[in-house]
Amino acid sequence: MSAAVLPDQETMVRELWDRQQITDVMLRFGRGLDTHDWDLYAGTLADPFEVDFFDLTGRPPAVTTPAVWARFASACLERLAVLHQYSNFSISLNGEEAEGIFYQVSRHRLPNRHGDDHYTQYGWYENRFRREADGWKIARLKHTFQWCDGNPMLIDFTDPDWQAAAAEVFGA
């Protein structure tokens, strides 16, 4: 059995630092969603970036800006109480770029008289990151469901604000 070859200390520290910075991006991403702090949320995204939310929207991937995407997220979530949890962080570094898989449970709540007051998504993000002058940013945001529970109508796709925001991102 051969001994593992360890990188030098400087390389180890740099890689640990980069992984922590990427982890922090994902935590700010979730915190922005949960507190409806759309500036915090938008600040985690590269400008422009690719978004793939096919599982939620049924629309193909698109390229958009942080401001436009934050308006879309707001149209989806502003009226809801939400809680996003991330786990099983797997980050692969490649110089100024990185890829990561982050398991997620997203809980959404809105008391109503027309069905369950909750909607929960279970799955993961498959993201790409890019180091920019002000730190790591999400360059591709891919949201994948494995299953959902509850009332998906809590995200109101018929709302004119949602439709306008979706059209701005994905086209008509």
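In this predicted model, the aromatic side chains make a handy starting point: the count comes to 17 aromatic pairs. One of them joins Phe49 and Trp69, whose ring centres sit 6.4 Å apart with 80° between the planes, an edge-to-face arrangement. The two partners come from distant parts of the chain, Phe49 from strand β1 (residues 45-52) and Trp69 from helix α4, with their positions 20 residues apart in sequence. Phe49 and Trp69 are both buried.

A second pair is made by Phe89 and Phe102. Here the centres are 4.9 Å apart and the planes meet at 85°; planes over 60 degrees apart count as edge-to-face, so the Phe89–Phe102 pair falls into that class. Phe89 belongs to strand β3 (residues 81-94) and Phe102 to strand β4 (residues 97-109), so this pair ties together parts of the chain that are 13 residues apart in sequence. What about burial? Phe89 is partly exposed, at 30% relative accessible area, whereas Phe102 is buried, at 0%.

Beyond individual pairs, there is a single aromatic cluster that takes in Phe29, Trp38, Tyr41, Phe49, Phe53, Trp69, Phe72, Tyr86, Tyr125, Phe157, Trp162 and Phe170. Some of these names come back in the nonpolar core. In soluble globular proteins, nonpolar side chains tend to be buried together. The largest nonpolar core in this model has 43 residues, and Phe29, Tyr41, Trp69 and Leu141 are the ones with the most contacts inside it. Helix α4 (residues 66-77) is the top contributor to this core, supplying seven residues.

Phe29 deserves a closer look. Setting aside neighbours within four places in sequence, Phe29 is in contact with Tyr41, Thr44, Leu45, Tyr86, Tyr125, Ile138 and Leu141. Two of these partners, Tyr41 and Leu141, are themselves among the residues with the most contacts inside the core.

Phe29 is also one of the buried residues of helix α1, alongside Thr11, Asp18, Ile22, Thr23, Val25, Met26, Gly30, Gly32, Leu33 and Asp34. Helix α1 (residues 9-35) runs for 27 residues and spans 38 Å from first C-alpha to last, close to the 39 Å expected at 1.5 Å a residue. At its N-terminal end, α1 is capped by Asp8, which places a side-chain oxygen 3.1 Å from the backbone nitrogen of Glu10. At the other end, α1 is followed by His36, with a positive phi near 60°.

Technical notes:
Residues numbered from 1 in each chain as written. Predicted model: local features only at pLDDT ≥ 70, side-chain atom pairs only at ≥ 80, totals over all residues. Heavy atoms only, no water. Core = buried A, V, L, I, M, F, W, Y, C linked by side-chain atoms within 4.5 Å. Buried < 20%, exposed > 50% of the residue type's maximum accessible area, 1.4 Å probe, protein only. Helix = DSSP H or I, 4+ residues; strand = E, 2+ residues; numbered from the N terminus. Contact = heavy atoms within 4.5 Å. Expected span 1.5 Å × (residues − 1). Polar contact = N/O pair within 3.5 Å; in protein donor to acceptor, adjacent residues only side chain to side chain. Phe/Tyr/Trp six-rings, centres within 6.5 Å; stacked < 30°, edge-to-face > 60°.
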